[in-house]
Amino acid sequence: MEKYWQFVKKVFASGDEDRAAEDTAPAVKYPFFKIVLDPYILSLDNLKKLSVIAGFYALLLTALYCVGAQSVFCLFSDYRQEGGYCTNSWLPFLSVHFLAFALMAMFSSRWYNACFNHTPAEWKWLLCPTFHDLKVFGFFLLFICLNALAFVSYFLLAVREPNPDWRIELVYFGIVSLGFLVPFVLMRFYAVIAVVLSGEKMPSPGLVWKKSGGNGLRTVLSLFIFFMLCVFSLSAYVQILRSPSVGYVFYILFIGEYLFNFICLLLVSVFINLCYLQKEFLFGENNHGTTD
């Protein structure tokens, strides 16, 4: 019983410490050029580590997608018409992408530790999942589901039957439209992703919110450049795969799928770097952020 009360006191004491930190914490400004450029520089500076880790997980993803009949070539109707190995069943589709997402969570954890904690990339460490990977996977899934609320709002507004009572229609539109704001709110909490990857103590949401204030334009610009890079690089690569001269020989399929997954993991590493930089600017001992 005594241990129980000690635990309760510890929880409430930590809550008091978090509230005290929130009251005294100043807002931190992200350095503009660092938050925009450094995510790419970090990947280039650690290109050897990144190539080993991304190359290994790209191989696992390629095997998974090929066995699960979810290759990137399945996007092409001519490949399907020529008898390409693809499935239209929802269960294999969800199962394969669920496992692929788990592998990407493992990759994110390995990349973070290799790049920022300088953990050597050993085969056993790369291959064997841990309980920490499960926590990272769960947090990633939660974060993506919260961001997906914007798509849920769009769907609810697109399929609704307009109500003749304008007051009910206005209330419905106002409540459902709140989902569009969720991704913009979550931009203030990207540093928490790096905290989860590092296994450090989770800061309170109020503390993160207060310290990350005033960085909206910098964050939006860095994410805009990142998303444009994703769109143009992946779409350009898919257009190359669509070329009639490529054909659909097995080794071409495997190499094409492997390179696509490798590029995706390179982009994931850049996003992890962005989250790391935000964490360092907000909570790092040697951060380069400026306080108001």
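Why is helix α11 (residues 190–198) largely enclosed by the rest of the structure? That is where I would like to begin, after a word on the model itself. This is a predicted model, in which local features need pLDDT of at least 70 and side-chain atom pairs count only at pLDDT 80 or more, while totals for chains, interfaces and linings use all residues. Residues are numbered from 1 along each chain as its sequence is written, and side-chain values use heavy atoms, with hydrogens and water left out.

Now to α11, where helices are DSSP runs of H or I with at least four residues, numbered from the N terminus. This helix is largely enclosed because 8 of its 9 residues are buried, and buried here means under 20% relative accessible area, with exposed over 50% and partly exposed in between, for a 1.4 Å probe and protein chains only. The buried ones are Y190, A191, V192, I193, A194, V195, V196 and L197, and their cover includes α5 (90–116), α7 (131–147), α10 (182–186), α12 (205–211), α13 (216–241) and α14 (250–283). After α11 comes G199, which has a positive phi, near 80°.

Several of these helices return when we turn to the largest pocket, whose volume is about 1,400 Å³. Two or more residues of its lining come from each of α5, α7, α10, α11, α13 and α14, and α14 gives the most, with 8 residues. In total 39 residues line this pocket, and M104, I144, F226, F227 and V268 lie nearest its centre. By type, the lining divides into 32 nonpolar, 6 polar and 1 charged, where Ala, Val, Leu, Ile, Met, Phe, Trp, Tyr, Cys and Pro count as nonpolar, Asp, Glu, Lys and Arg as charged, and the others, Gly among them, as polar.

A pocket, I should add, is an open set of points on a 1 Å grid over the protein atoms alone, with protein on both sides within 12 Å along at least five of seven lines, whereas in a cavity a 1.4 Å probe fits but cannot get out; lining residues have an atom within 4 Å of a point. Volumes are the space filled by probe spheres set on the points, which are joined across faces, edges and corners.

A search of the whole structure finds 1 cavity of 30 Å³ or more, and the largest cavity holds about 40 Å³ of space. Its lining consists of I35, V36, P39, Y40, S222, F226, V270, F271 and L274, with α2 (32–45) giving the most, 4 residues.

Notes
Contact means heavy atoms within 4.5 Å.
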